[in-house]
Every structure is written in structure tokens, then in C-alpha cells.
Amino acid sequence: MQTVPHYINGQRVESAERFGPVFNPATGVQEKQVVLASRTVVIDAIESATGALPEWRASSLAKRTAIFFKVRELLAERTNELAAILTSEHGKVLSDAAGEITRGLENIEFATGLAQMLKGDFSQQVSHGIDVHSVRQSVGVVACVTPFNFPAMVPLWMIGSAIACGNTVLLKPSEKDPSSAIFIAEIFTEAGLPAGVLNVVQGDKEAVDELLDNPDVKAISFVGSTPIAKSIYNRAAANGKRVQALGGAKNHMVVLPDADLDMAADAAINAAYGSAGERCMAVSVLVAVGGIADDLVSAIEKRMKTLIVGPGTDPASQMGPLITGEHRDRVASYLTGAEAAGATMVVDGREQNFDSDGFFLGVSLIDHVTPGMKVYDDEIFGPVLSVVRVDTFDEAVKLVNDHEFGNGVALFTRDGGAARQFEFEIEVGMVGINVPIPVPVGSFSFGGWKNSLFGDAHMYGPDSIRFYTRGKVVTTRWPDPASSEIDLGFPQMA
Ligand code: NAD
């Protein structure tokens with residue numbers, strides 16, 4: 001059986017005392033095992049990153065830029081290869097895997113502009129003969145802990161800017177689909193990144209705990225579920241580290257009565273069931289405002305009948321399996337719970353039979369869902385769309401704002417005034433107006449509000465430059481020594 005290794009100091013490292021299973025979700029077969037780092041292995045990796053830091057933080061911006069251009073070229077050339085790895089371990093369909101890589105590449109493209117982003121400010125003559133300038137310097141060794149659902153894109157969200165800013169990195173990918181991280185790290189090496197600048201440690205809680213506790217790690221970027229995000233934030237912050245921890249989501253799509261219902265139905269299908277609903281920006285709640293619910297539900301139901309669920313490697317498949325059998329069963333349990341709570345099952349994904357041991361579940365649509373039902377309150381992270389019916393725009397806004405999560409939200413309407421009011425009032429970090437999955441382009445930053453993000457910096461884009469650097473302000477004068485005098489007063493600018 002193939003073993004997925006660590007990547008430390010430019011080398012694959014396979015030795016381990018513990019291993020985790022890596023399944024092909026489309027067959028349900030364990031095809032690989034992944035090494036799970038002990039604290040000792042993590043310490044070795046931290047030493048590698050610490051050793052590489054002095055030279056990397058002093059490397060020229062020109063050299064760094066050239067490496068990022070090369071990474072971009074290599075990743076674009078080898079997208080299909082990486083997409084195949086992704087599909088074999090995650091299960092998403094190949095076209096979706098390629099799309100994930102393209103979105104991740106935006107962060108490498110952003111990093112090629114590092115010389116522009118790392119420019120400081122300069123003010124001449126803030127006082128007589130005194131100038132001030134600011135610089136941004138690397139934070140040091142940075143740890144990046146990523147979830148299973150975007151095994152290429154989320155690492156690229158983090159490592160592009162972290163490395164561009166002169167930091168060295170420890171990437172701890174999800175143990176469920178760990179191979180993409182190794183593929184990406186080797187591309188960086190091929191592009192000329194010195195050994196030790198980007199290390200991959202495979203593992204679980206034990207590895208993460210060492211990253212959170214070790215004083216040589218200065219910053220933590222985390223993306224995953226809310227309970228883990230919250231605990232990572234608390235522990236890393238208590239240890240004096242800089243931390244950004246992005247958590248779970250429950251994304252609403254609000255449809256106003258004036259919206260084009262066919263367009264809204266298409267968008268709901270795409271955003272709810274793409275990648276089997278295992279996207280942190282997936283739409284999981286459809287809010288039908290006014291009297292449109294019956295028409296909208298039947299338009300969605302009609303479209304669901306045409307969806308093809310199957311192995312991600314089959315070009316005909318539009319949706320693949322879930323990540324594990326355990327997760328598939330957990331998602332299915334929400335369907336049982338919704339029925340018991342009084343919601344109406346319009347389409348029940350459990351009724352679709354699959355001639356496979358893969359972790360498949362059909363798509364589901366549940367109507368008459370209300371707050372207080374677990375199917376509404378919890379993040380399910382599967383191909384389940386709940387419909388909540390409300391009478392007014394204000395009720396829709398209140399519903400969204402009352403939810404504990406605030407990652408993404410979409411509004412479908414043709415009314416510009418309503419859209420503007422929605423944008424102003426909604427308590428969510430990323431808003432789409434007639435855009436169902438409003439993941440910001442790489443030149444902006446990504447992040448939710450409320451229990452979807454712990455910390456204050458959003459991920460990638462301009463926020464990432466602030467997160468991965470420390471500011472330093474230098475005040476300079478070159479006076480005539482003859483003008484020197486003793487003055488114990490607090491220096492004032494005049
Ligand atoms: P997860 O929280 O189970 O795991 C995320 C990472 O944390 C993995 O690397 C895992 O090994 C590690 N981990 C797990 N348990 C840990 C523990 N007790 N202590 C320390 N580390 C631990 O998340 P997942 O199931 O891999 O990913 C799905 C979740 O991620 C969903 O909740 C989804 O909404 C969220 N997500 C959020 C965003 C966002 O941008 N907000 C993006 C993608 C995914």
C-alpha cells in the first residue's frame with residue numbers, strides 16, 4: 001500500500017509510529033496510508049523551518065517573485081495531474097477539482113505581486129530634518145492547518161502569501177486527503193524554493209498541538225470546523241501567537257419575489273450540491289420570500305431529477321461521493337431528524353441506490369424547515385438543501401443575522417435598492433448579489449463573521465500581507481552634531 005509521507009527540509013520523510021487510512025471515496029477502498037507525525041517529527045520540521053528562515057527572510061524580492069512565476073507555470077501545466085490526485089482522495093468530480101486548483105492559483109498570482117505589496121510608506125520632513133518610513137517584515141515560522149474539503153486551494157490560500165512575505169512554513173493538511181500538499185510542496189522545490197522554506201507535516205491533533213504550543217511557531221492560519229477553530233484560536237492566542245482561525249458555515253440564499261425563478265433554481269442547485277455540499281460556501285438554506293416558495297421548490301425538484309451522482313473520474317458525473325462513510329451516515333441522520341421534527345422531505349437522497357461501496361448519498365431537498373430544527377441550526381456539510389419560507393425582506397434579513405454562522409450569503413433579486421439595503425444590513429462576511437457562491441477573487445480577502453471566523457485577519461489577499469508581516473516604523477534624522485543638546489522633554493514634532 002502506498003504511504004503518503006511528510007516533506008521536511010526538501011525531502012520526503014516516511015518513518016512513523018502511527019498511520020491513518022486514506023480512502024478512495026468513490027470505491028470505499030483504503031488505497032493509501034498516511035504517516036501521522038509524533039511531536040518529535042513536528043519538532044524536526046519546526047527546526048527545518050527555523051533553520052531556513054534567516055536566508056529566506058533576507059532573500060531578494062526579485063528572487064521570490066521569480067519562484068512564484070515558476071510555481072504558477074508548473075501548477076497550471078500540471079493541473080490535470082493534481083486534479084486526479086484530488087479526486088482519488090476527496091471524491092469531487094475532476095472538473096470541480098481542476099476548478100479548485102484554478103481558484104487556488106489566484107493566490108499564487110497575487111503572490112507574484114509581492115514587491116508591490118511589501119512596499120512601505122515614507123514621509124519626508126515630518127519635523128525639521130526628520131523623515132519617517134515604515135517596513136513590513138516577516139513574522140517567522142508560520143503553521144498552516146487545513147481541512148479536507150479543498151486539499152489544494154486552502155493550502156494555496158495560505159502558503160502563497162506566507163512565503164512571499166519572507167516566512168517559512170509548516171503545512172499540516174487534512175489526514176483524509178494528504179497527497180495534494182506533497183505534490184504542491186514538490187512543485188515549489190522544482191520552482192527553486194530553498195529546502196526548509198515549505199515543509200509538510202502529516203498528522204492529526206498530536207501534530208497540531210505541537211504547532212500550537214511550540215514557541216518557535218509565531219503564527220497559525222487555520223481553516224476547519226468551528227469547534228476546532230475556536231479551540232485553536234484560544235490555545236494559540238494564549239501561547240502568544242498571531243492566529244486566524246476560519247470555521248464552519250450555514251450559508252443562506254435569499255430569493256425575493258421579483259427574482260427570475262429559473263435562474264434562482266439553477267443557482268440553488270449548483271451551490272447546494274456542487275462538491276456534494278462539502279464547500280464552506282455551499283448554499284444550505286434557501287429562503288423563499290413572499291409567495292414564491294411553491295414555484296421555486298418545484299423548479300428545484302425538477303432539476304434535481306436530472307443530476308448525475310457517480311464517481312468523480314466519470315466525465316458524466318456532476319457530483320461525487322462524500323469524504324467518508326461515517327460522514328455520509330452523519331449527513332443522512334439529519335434527514336431522519338428533519339422528518340421527525342416536522343419538515344417536509346421533497347427529495348430524499350437516501351432513496352437513491354448506488355451499485356457501489358463508495359460513500360455516496362443522493363441529493364436532498366427539505367421544505368418547511370424552521371430555526372430550532374437541527375437540520376437548520378447545524379452545519380451539515382452534505383448535499384442537503386433546506387427551504388425556509390418567510391413573508392418579508394425584513395424577516396429574511398433577521399433570519400440570516402440570527403444564525404450563529406456568518407460565512408457567505410446570497411441574494412437573488414432584480415431590485416437594486418433591495419440589494420443595497422441587504423448588503424448594508426446583513427451580518428455576513430461575504431455577500432453575493434445574484435452570485436450564489438461569492439468566494440472573493442484573490443485580490444480581495446476571504447473571511448466570515450460571527451462563529452465562522454476567530455481572529456481579526458481574513459484569509460489571502462491584502463489581509464494576508466498584514467497577517468504574515470510585522471510592521472516596523474523608522475524615524476530618521478541626520479543632524480549637524482553642533483546642534484546637539486540635552487533636553488529631557490518628550491520629543492515633539494514641530
Ligand atoms: P476539521 O475541523 O475536522 O479539521 C480541520 C483540520 O484540523 C485538519 O487538518 C485536522 O487534522 C485538524 N484537526 C481536527 N481535529 C483537531 C483537533 N481536535 N485538534 C487540532 N487539530 C484538529 O475540519 P474538516 O472536516 O477537515 O473540514 C470541514 C470543515 O471545514 C467544515 O466545517 C467547513 O465549513 C470548514 N471550512 C471552512 C472554510 C472557511 O473558509 N470558513 C473553508 C473550508 C472548510
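These are my notebook entries on the surroundings of a ligand, a small sheet and some helix pairs in a predicted model.

**Entry 1: the ligand**

I began with the ligand and looked up which residues surround it, and I found 27 residues around the ligand, of which P147, G224, S225, G248 and C280 come nearest. I then sorted this shell by class and noted 12 nonpolar, 10 polar and 5 charged residues. Which domains does the shell around the ligand draw on? I found that at least three residues come from domain 1 (2-247 + 452-474), and that at least three also come from domain 2 (251-433).

**Entry 2: a hairpin**

Next I followed strand β4, residues 18-24, into strand β5, residues 29-36, and saw that the two pair in the antiparallel sense over 7 bridges. As one example of how the strands face each other, I noted that R18 stands opposite L36 in β5. β4 and β5 form a hairpin with 4 residues between them, and in the turn I picked out G28, which has a positive phi of about 75°.

**Entry 3: the sheet around the hairpin**

I then asked myself in what order the strands of this open sheet lie. The sheet has 3 strands in the order β1-β5-β4, and its pairing is mixed. β1 (2-4) and β4 stand at the edges with a single partner strand each, so one side of each is left without a neighbour in the sheet. I also wrote down the twist, which averages 35° from one strand to the next. As a reminder to myself, strands of a sheet pair through backbone hydrogen bonds, either parallel or antiparallel.

**Entry 4: helices packing on α4**

Turning to the helices, I looked at helix α3 (residues 79-90) and helix α4 (residues 94-111), whose axes come within 8 Å and cross at roughly 120°. That angle makes α3 oblique to α4. I recorded the handedness too, since α3 passes α4 in a right-handed crossing.

For the other pair, I took helix α2 (residues 61-77) and α4, which pack at an angle of about 165° with their axes 9 Å apart. Why do I call α2 and α4 roughly antiparallel to each other? Angles over 145 degrees count as roughly antiparallel, and the angle between α2 and α4 is about 165°, so α2 and α4 are roughly antiparallel to each other. The crossing of α2 and α4 is left-handed, whereas α3 passes α4 in a right-handed crossing.

Definitions and conventions. Residues are numbered from 1 along each chain as its sequence is written. This is a predicted model: local features need pLDDT of at least 70, side-chain atom pairs count only at pLDDT 80 or more; totals for chains, interfaces and linings use all residues. A residue is near a molecule or strand if its C-beta atom, placed from the backbone, lies within 6 Å of it. Ala, Val, Leu, Ile, Met, Phe, Trp, Tyr, Cys and Pro count as nonpolar, Asp, Glu, Lys and Arg as charged, and the others, Gly among them, as polar. Domain bounds come from an automatic or database domain assignment. Two strands pair if DSSP finds at least two bridges between them. Axes are lines fitted to C-alpha atoms, for helices over the stretch in contact, and angles run from 0 to 180 degrees between N-to-C directions. Angles under 35 degrees count as roughly parallel, over 145 as roughly antiparallel, 65 to 115 as roughly perpendicular and the rest as oblique. A crossing is left-handed if the near helix is turned anticlockwise from the far one by less than a right angle, and right-handed if clockwise.
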